[in-house]
Amino acid sequence: MSTEKVKVAITQGDINGIGYEIIFKTLADPKILELYTPVIYGSSKVAAYHRKALNIPNFSLNSIRSGEEAHPKRVNIVNCLDDNIRVELGKATDTGGKAAFEALKKAVQDLKNGAVDVLVTAPINKNATYSENFNFPGHTEYLAEQFGGKSHIMLMVSSKLKVGVVTGHIPLKEVADQLTIEKVLDKIRVLDKTLRVDFTIRKPRIAVLGVNPHAGDQGLLGDEEINIIKPAIDVAREEGIMALGPYPADGLFGSGDVGRFDAVLAMYHDQGLAPFKSIAFSEGVNFTGGLPVIRTSPDHGTAFEIAGENKADETSFREAVYLAIDVFKQREMHDEISADPLKPVDKKALDSD
């Protein structure tokens, strides 16, 4: 396994939010440079604006053109914007959205070229970022398109709980129509694989939730559990995946039984993320499972309402950086273990010696 420090690409997120604040607070400890090499994708000018607004003195940045030039003992920044960029703290603007996308685009390019090792994204405002060039509901879908991650999953991670979702950023009224046996089964498979490879859980136990109240109550409150979710679980079990359910969401989270499982698979966004954030909001991390690259982010948004006020908690962002590094090392170890399996002995060759 490589002994070189991991190069962590960090995107600025929306320049009008708390992105730079949580980045600065995370990188403020000089000891971080012993653990990894940070490469911020953003703007030196915008960074200086936020440092002044937050009254952060003596935080120097090493300007570079790409991750390849990153200095291992400095906090590096790749300038992705021109100097005419305008910051409007606390506002969702087209300029802020475009700036977020430009930084993300450059970081993705460096990630593809191997100039950086992992990607940690600061929060974006989806309305501000949405455009002809970024017609995706969020980072997850954009990165899946960029890296060919047809089977991927949004996975919320903390030391207490891991929750994945079958359907992500879609209206609630569309959830039932989008659920199919194939889709639920695909998410079970990719969740099982990421738990084994990225989190070194040998035989993961996955709790699969129903979509209706009381998991349909045997068809009385909906038949998706009978016709879609249970058949997907049965196929997964036949494949050797320890998927169990479908469970009523309120009962599983409310009873404390969730601790018996390595992860929970929810059918839609708020079904999984609402209980997750109530349990682990300050330390939670959003991890995109199933991609060939590693991407994490904090489990919160741009927090426009407190931008520039030095009130943002950087814990989730710091945990996102650490998780990205941990998964990178786990994948390296997995690749090494899997690369050279013992070859079967040729008995005839042995007899002839």
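Modeller: Before we begin, a helix here is a DSSP run of H or I covering at least four residues, and helices are numbered from the N terminus. Please also keep in mind that this is a predicted model.

Colleague: Just after helix H6, which residue takes a positive phi?

Modeller: Helix H6 covers residues 139–147, and the residue to look for comes just after H6. The phi there is positive, at about 65°, and the residue that takes this value is Gly148.

Colleague: What covers the buried residues of H6?

Modeller: Let us start with the residues themselves, since His139, Thr140, Tyr142, Leu143, Ala144 and Phe147 are buried in this helix. Their cover includes one helix, H4 (94–113), together with several strands. Written out, what covers them includes H4, E5, strand E6 (153–157), strand E11 (285–289) and E12.

Colleague: How many residues of strand E1 are buried?

Modeller: Strand E1 spans residues 6–11, and its side chains can be followed along two directions: Val6, Val8 and Ile10 point one way, while Lys7, Ala9 and Thr11 point the other way. In a regular strand the side chains alternate between the two faces of the sheet. The residues on both sides of E1 are all buried, so the strand is largely enclosed by the rest of the structure, and the number of its residues that are buried is six of six.

Colleague: In E2, which residue is the bridge partner of Ala9?

Modeller: Strand E2 (residues 36–42) runs parallel to E1, and six bridges join the two strands. Ala9 also stands opposite Leu119, but that residue lies in E5. In E2, the bridge partner of Ala9 is Val39.

Colleague: Which residue of E12 does Val120 stand opposite?

Modeller: Val120 belongs to E5, where it is also the bridge partner of Ile10, and E1 and E5 pair in the parallel sense over four bridges. E5 has both faces covered, with Val118 and Val120 on one side and Leu119 and Thr121 on the other, all of them buried. E5 pairs with E12 as well, again in the parallel sense, over two bridges. In E12, the residue that Val120 stands opposite is Thr296.

Colleague: How many Å lie between Thr296 and Ala320, C-alpha to C-alpha?

Modeller: Thr296 sits in strand E12 (residues 295–298), and it counts as buried because its relative accessibility is 0%. Among its contacts, leaving aside neighbours within four places in sequence, are Val120, Phe287, Ala320 and Leu323. Thr296 and Ala320 are 24 residues apart in sequence, yet in space their C-alpha atoms are apart by 5.5 Å.

Colleague: Is Thr26 buried or exposed?

Modeller: Thr26 is placed in helix H1 (residues 19–27), where a polar atom of its side chain lies 2.7 Å from the backbone oxygen of Ile22. Not counting residues up to four places away in sequence, it touches Ile32, Tyr36, Glu314, Phe317, Arg318 and Val321. Because its relative accessibility is 3%, which falls under the 20% cut-off, Thr26 counts as buried.

Colleague: Which side chain of opposite charge is nearest to Glu225?

Modeller: Glu225 lies in helix H9 (residues 224–238), and a polar atom of its side chain is 2.8 Å from the backbone nitrogen of Asn212. Although Glu225 is buried, it has no salt bridge. A salt bridge would need a side-chain nitrogen of Lys or Arg within 4 Å of a carboxyl oxygen, whereas the nearest side chain of opposite charge is 12 Å away and belongs to Lys230.

Colleague: In E10, which residue is the bridge partner of Gly164?

Modeller: Strand E10 (residues 263–266) is covered on both faces, with Ala263 and Leu265 buried on one side and Val264 and Ala266 buried on the other. It pairs in the parallel sense over three bridges with strand E8 (residues 205–209), where Ala207 stands opposite Val264. Strand E7 (residues 162–165) also pairs with E10 in the parallel sense over three bridges, and the bridge partner of Gly164 in E10 is Leu265.

Colleague: How many residues does the largest nonpolar core have?

Modeller: The residues with the most contacts inside this core are Val8, Leu27, Tyr41, Ile188 and Met267. Apart from it lies another core, of 18 residues, among them Val165, Leu244, Phe261 and Val264. The number of residues in the largest nonpolar core is 93.

How values were computed. Residues are numbered from 1 along each chain as its sequence is written. This is a predicted model: local features need pLDDT of at least 70, side-chain atom pairs count only at pLDDT 80 or more; totals for chains, interfaces and linings use all residues. Side-chain values use heavy atoms; hydrogens and water are left out. Buried means under 20% relative accessible area, exposed over 50%, partly exposed in between (1.4 Å probe, protein chains only). A polar contact is a pair of N or O atoms within 3.5 Å; within protein, one must be able to donate a hydrogen and the other to accept it, and residues adjacent in sequence count only if both atoms are side-chain atoms. Contact means heavy atoms within 4.5 Å. Two strands pair if DSSP finds at least two bridges between them. Lys and Arg count as positive and Asp and Glu as negative; His and the chain ends are not counted. A nonpolar core is a set of buried Ala, Val, Leu, Ile, Met, Phe, Trp, Tyr and Cys residues joined through side-chain atoms within 4.5 Å.
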